[in-house]
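Please look through the sequence and the fold shown here before reading on. The explanation is meant for someone meeting this structure for the first time.

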Amino acid sequence: MFLFSERQTTQDFHFIRKYCIIVWVDCFSKNTTNLHSDVYYHYEYLLLKIITKQQYFIFTGLTSTQQLPYIDFTKVKLSRNADIKIKSATDRHGCYITDLAVLPGDLLLLADINNQSVKLVDPASGQLLDQLQLPEQPRGLCLLPGDRAAVTIPNKSMIQTISVTMKKLSLQNVINVNGECYGIDYVNYYFVVCFQNPAMLAFIDNKGKIYKSVPIHYINHTLFKQPNYTCICVSTENTSKVIYVSDWGTSTITRLSEELQVLQSFTDPALQDPCGLTSVGGGQLLVVNCGARYTLSVLDVSTGQVTPLLGQEADLRYTCCVAVSHTLGIVYVTDWFKYCNIIRQYTTN
């Protein structure tokens with residue numbers, strides 16, 4: 001805890017400010033939901049609550065390791081837990097989960113392409129809390145500040161934003177875009193989206209306008225051959241945002257800067273047919289490989305080393321997406337094979 005009084009020097013203040021997120025009292029008290037969402041998903045930062053008391057500012061630090069314990073996935077073993085059933089009584093087809101995310105409170109948000117819906121699930125109780133019908137099939141999904149989410153709907157060339165409050169889902173805004181949109185994430189007030197027809201990776205604002213983009217072929221580098229199976233995730237590395245793009249067609253994971261410049265490419269026999277991926281901190285990515293020998297692997301981006309975690313012997317065949325609850329130490333995996341109506345969950349040991 002840091003104490004600042006009116007006698008504190010400007011130099012001291014800026015020293016602390018360099019390592020902290022400073023949120024003024026009125027903003028914090030009125031907008032704690034937005035604050036929690038931002039910090040929760042960019043947990044490399046330090047959250048500081050500023051509370052006025054007499055002539056002092058009292059800074060209470062909450063470190064990233066306290067909020068989201070770091071897990072070194074190159075050293076863990078995964079133990080299978082009970083499966084989570086996700087098929088509802090109103091579903092007309094088997095579930096086909098193309099993307100998922102872990103919400104604050106360890107709830108799961110799922111994009112079900114077969115039933116044209118987004119689902120909210122409580123893994124602890126195994127209950128399907130809510131289901132929201134969409135105008136067409138969703139594909140990619142990402143979380144937004146303020147208890148919101150967004151899904152891509154390529155057949156409608158649109159991004160649909162969703163409210164997630166009080167364990168209920170509701171439709172918000174429609175963002176019309178120019179092209180079939182698939183993988184999606186959110187960075188610095190922009191969506192980063194993978195498109196097919198025209199094939200490109202682009203930053204999109206909340207009106208659907210392209211802020212910046214890079215075509216499928218970028219300076220002798222192919223970003224993706226199959227955009228419809230491309231996944232995007234944004235990670236914070238050394239206070240800067242980095243974008244990772246997986247591509248099934250090239251069996252490659254590409255690392256790009258915020259300016260959409262290609263920084264690095266990763267290929268490995270254990271990254272055959274990469275599909276879903278998620279950043280888990282510490283310079284590591286979890287990657288699922290659809291139809292490959294190793295269905296779940298961890299990529300250390302600092303060394304390029306790939307460590308297999310699960311293979312087809314785990315009775316997984318066509319893994320699609322992966323998410324992690326850091327607070328619970330649980331990995332969630334979806335599969336297109338005979339387990340389409342469940343979510344697999346694994347405890348990290």
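What follows goes through two sheets and then a group of aromatic rings.

This is a predicted model, in which local features need pLDDT of at least 70 and side-chain atom pairs count only at pLDDT 80 or more, while totals for chains, interfaces and linings use all residues. Residues are numbered from 1 along each chain as its sequence is written, and side-chain values use heavy atoms, with hydrogens and water left out.

A convenient place to begin is strand E6, which covers residues 97–102; helices (H or I, at least four residues) and strands (E, at least two) are DSSP runs, numbered from the N terminus. Six of the six residues of E6 are buried, so that the strand is mostly covered, where buried means under 20% relative accessible area, exposed means over 50%, and partly exposed lies in between, with a 1.4 Å probe and protein chains only. E6 runs antiparallel to strand E7 (residues 108–112), and five bridges join the two; strands are said to pair if DSSP finds at least two bridges between them. Within this pairing, leucine 100 stands opposite leucine 110 in E7. The two strands form a hairpin with five residues between them, and in the turn glycine 105 has a positive phi of about 95°.

This hairpin belongs to an open sheet of four strands, whose order is E6-E7-E8-E9 and whose pairing is antiparallel. E6 and strand E9 (127–133) stand at the edges with a single partner strand each, so one side of each is left without a neighbour in the sheet. On average, and with direction ignored, neighbouring strands of this sheet are turned by 20° against each other; the axes are lines fitted to C-alpha atoms, for helices over the stretch in contact, and angles run from 0 to 180 degrees between N-to-C directions. Strand E8 (residues 117–122) pairs with E9 in the antiparallel sense over six bridges, and aspartate 122 has glutamine 127 in E9 as its bridge partner.

A further open sheet of four strands has the order E24-E25-E26-E27, again with antiparallel pairing. Its edge strands are E24 (274–281) and E27 (305–311), each of which pairs on one side only, and its neighbouring strands are turned by 25° against each other on average, direction ignored. Strand E25 (residues 284–289) and strand E26 (residues 294–300) pair in the antiparallel sense over five bridges, with valine 288 standing opposite leucine 296 in E26.

The aromatic rings come last. Rings of Phe, Tyr and Trp (its six-membered ring) pair if their centres lie within 6.5 Å, and planes under 30 degrees apart count as stacked, over 60 as edge-to-face and the rest as tilted. By this rule the count comes to three aromatic pairs. One of them joins tyrosine 190 and phenylalanine 203 in a stacked arrangement, 6.3 Å centre to centre with 15° between the planes. Tyrosine 190 lies in strand E15 (residues 190–196) and phenylalanine 203 in strand E16 (residues 200–204), so this pair ties together parts that are 13 residues apart in sequence. Tyrosine 190 is partly exposed, with a relative accessible area of 24%, whereas phenylalanine 203 counts as buried at 6% relative accessibility.

Tyrosine 190 also forms a stacked pair with tyrosine 211, at 4.4 Å centre to centre and 20° between the planes. Because tyrosine 190 lies in E15 and tyrosine 211 in strand E17 (residues 210–215), this pair ties together parts that are 21 residues apart in sequence. Tyrosine 211 is partly exposed, with a relative accessible area of 48%. Tyr190, Phe203 and Tyr211 form one aromatic cluster.
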